[in-house]
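Here are a few friendly notes to read alongside the model. Please keep the structure open as you go through the points.

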Amino acid sequence: MARAIGALAIAGLFALGTDPPNAAQGSTIRFTNVSGATGLASFLNISGTPSKDFIVESIGNGVALFDYDNDRDLDVLFVNGSTLTKATAHPMVGLYRNDGDRFTDVTAATGLTRPGWGSGVCVADYDNDGFEDVYVTA
């Protein structure tokens, strides 16, 4: 089922806001959808069909928050699923550079355009060169 994914994975789709400190006890937490303002709302996560007939369609996909360009702020890499139809080719990942108050899609500019069904990601400086290396499972 296709669904739009916003800012910083599922937990970050909304900015958390609470009532002012002088608000009455038991007040509720408010969420505000900020995905459009961040530049991340354009990422479309595909994860099988709406019927979810196979396990792979229901497990979801990964996300990594890391500094891909060594500018000391967190960038976002979404791992994308696909559908079981061979004719459909969805991008395996989406990479978004943190520009301070907004994210820019740099997937094509970085050459990360391979289609396929991704499932997870891990990040570490594998070769100790000062740059974080990315491993995507698919």
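1. Strand 6, residues 75-79, is a good place to begin in this predicted model. Five of its five residues are buried, so strand 6 is largely enclosed by the rest of the structure. Buried here stands for under 20% relative accessible area. The cover extends to both faces of strand 6: Asp75, Leu77 and Val79 are buried on one side, and Val76 and Phe78 are buried on the other.

2. Which strands pair with strand 6? Strand 5, residues 63-66, runs antiparallel to strand 6 and is joined to it by four bridges. If you would like a residue to look for, leucine 65 has valine 76 of strand 6 as its bridge partner. Strand 7, residues 93-98, also pairs with strand 6 in the antiparallel sense, over four bridges. There, valine 79 has valine 93 of strand 7 as its bridge partner.

3. Next, please have a look at the largest pocket, which holds about 200 Å³ of space. It is lined by 13 residues, and those closest to its centre are Leu77, Val93, Leu112, Val134 and Val136. You have already met Leu77 as a buried residue of strand 6, and Val93 as the bridge partner of valine 79.

4. What is the lining of the largest pocket made of, by class? Nine of the lining residues are nonpolar, two are polar and two are charged. At least two lining residues come from strand 7, and at least two from strand 10, residues 133-137.

5. The salt-bridge count for this model is one. The partners are arginine 97 and aspartate 99, whose closest N and O atoms are 2.7 Å apart. Are these two partners buried or exposed? The answer lies in between: arginine 97 is partly exposed, with 26% relative accessibility, and aspartate 99 is partly exposed as well, with 37%. Both values fall between the 20% and 50% cut-offs, which is why neither residue counts as buried or as exposed.

6. Finally, do look at asparagine 45, which belongs to strand 4, residues 44-45. Asparagine 45 has 6% relative accessibility, so it counts as buried. Its side chain makes a polar contact of 3.3 Å with the side chain of asparagine 61.

How values were computed: Residues numbered from 1 in each chain as written. Predicted model: local features only at pLDDT ≥ 70, side-chain atom pairs only at ≥ 80, totals over all residues. Heavy atoms only, no water. Buried < 20%, exposed > 50% of the residue type's maximum accessible area, 1.4 Å probe, protein only. Pairing = 2+ DSSP bridges. 1 Å grid on protein atoms, 1.4 Å probe; cavity = no way out; pocket = protein on both sides within 12 Å on 5 of 7 lines; lining within 4 Å. Points joined across faces, edges and corners; volume = space filled by probe spheres on them. Nonpolar A, V, L, I, M, F, W, Y, C, P; charged D, E, K, R; others polar. Salt bridge = Lys/Arg side-chain N within 4 Å of Asp/Glu carboxyl O. Polar contact = N/O pair within 3.5 Å; in protein donor to acceptor, adjacent residues only side chain to side chain.
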